[in-house]
Amino acid sequence: MSTTGESLSTQDEVTAEIGAVQQRYRDDVAAGRQHTVDTLLDFPPYRSSELRHPTKDPHLVDPETIELVSPAFGHWEVAPIEADLTNRHVGGEPQGQRMVVTGRVLDGNGRPVRHQLVELWQANAGGRYIHQRDRHPAPLDPNFTGAGRVITDDEGRYRFTTIKPGAYPWRNHLNAWRPAHIHFSIFGNAFTQRLVTQMYFPDDPLFALDPIYQSIPDQKARDRLIATYDHELTTPEWALGFRWDIVVDGPQATWFEQDGDQA
Ligand SMILES: [Fe+2]
């Protein structure tokens, strides 16, 4: 069960563990036993979650005053160019499949969450992040940094132009690969409200094998993380279109990372 040296588990072992945990979850649901969290924070197939997950119940604390009123972002602080990850470098455009990702940020009643900072970060087309800890032998792209941000409009809409990220390996177990994904953050009106999640792409063959995606026990909640290909949004000769709404609360809420998650 170690994550080091020669004792890494195989994918088959991890897949079997995922299946066993999810079977217990389905049994609990069938038996009417209540689940209070959407994510299985202590999810042994996701090895490092065993070390990082909270071991105590959370305590509600009052945020300090400054945290209730800051930060406030306006259009004047976030330039339109920051929503386009393909034209940020004077050397040229990044490699990869150009695409537009757009959608709405909504509350649990379907109302738009207006004028909120939406941030995105992602690997390049080869599955590589510009990060000290990402040293796997895929090329960095000198024309791609992989971060963008935008403010939602009056209808809660956001829109990014970027390239499709590649899948990448990580060392959870032998031959572990993350499905292609984009990280999203919704800042809200205060530091205490920040929500972080991941968007995936339809029909990724790695879904069933990924302990992070599979740590969300409910299939419907997992499905809500997958963008929809939208041919109406696709632009001839230029970019594919994907649509993905983010729901910040309520029964249809998007899954958000808890303390201890990362990816
Ligand atoms: Fe990632």
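Which residue in S7 is the bridge partner of Val 118? I looked this up at the start, keeping in mind that the model is predicted, and found that Val 118 has Ile 186 as its bridge partner in S7.

**Entry on the sheet.** I then followed the pairing outward from that bridge, and noted that S2 and S7 run antiparallel and are joined by 5 bridges. These two strands belong to an open sheet of 4 strands, whose order I read as S3-S2-S7-S8 with antiparallel pairing. S3 and S8 each have a single partner strand and therefore stand at the edges, where one side of each is left without a neighbour in the sheet. For the angle between neighbouring strands of this sheet, I recorded an average turn of 25° against each other, with direction ignored.

**Entry on the core.** I next asked which residues touch the most other members of the largest nonpolar core. That core holds 33 residues, and the ones with the most contacts to other members are Val 101, Val 105, Val 118, Phe 160, Phe 184, Met 199 and Ala 227. I listed the strands that each supply at least two residues of this core as S1 (98–106), S2 (117–122), S3 (147–151), S4 (157–163), S7 (181–186) and S8 (195–200). The largest share comes from S1, which gives 5 residues.

I singled out Met 199 for its contacts and, leaving aside its neighbours within four places in sequence, found it in contact with His 181, Ile 182, Phe 184, Leu 225, Ala 227 and Trp 244.

**Entry on the whole chain.** I counted 4 helices and 11 strands in the protein chain. Of its 263 residues, 27% count as buried. Taking contacts between residues at least 6 apart in sequence, I noted that 72% join residues at least 24 apart.

**Entry on backbone angles.** I looked for positive phi values with one background point in mind, namely that most residues other than glycine have a negative phi. Asn 175, which is not a glycine, has a positive phi of about 60°, and I placed it in the loop between strand S5 (168–170) and strand S6 (176–178). Is Asn 175 buried or exposed? It has 11 C-beta neighbours inside 10 Å and so counts as exposed, since the cut-off for that class is 12 or fewer.

Glu 237 was my second case, with a positive phi near 65°. I located Glu 237 in the loop between strand S9 (228–229) and strand S10 (240–243), and noted that it is exposed because there are 4 other C-beta atoms within 10 Å.

Note on methods. Residues numbered from 1 in each chain as written. Predicted model: local features only at pLDDT ≥ 70, side-chain atom pairs only at ≥ 80, totals over all residues. Buried ≥ 20, exposed ≤ 12 C-beta atoms within 10 Å, placed from the backbone. Contact = placed C-beta atoms within 7 Å. Core = buried A, V, L, I, M, F, W, Y, C linked by C-beta atoms within 7 Å. Pairing = 2+ DSSP bridges. Axes fitted to C-alpha atoms, helices over the stretch in contact; angles between N-to-C directions.
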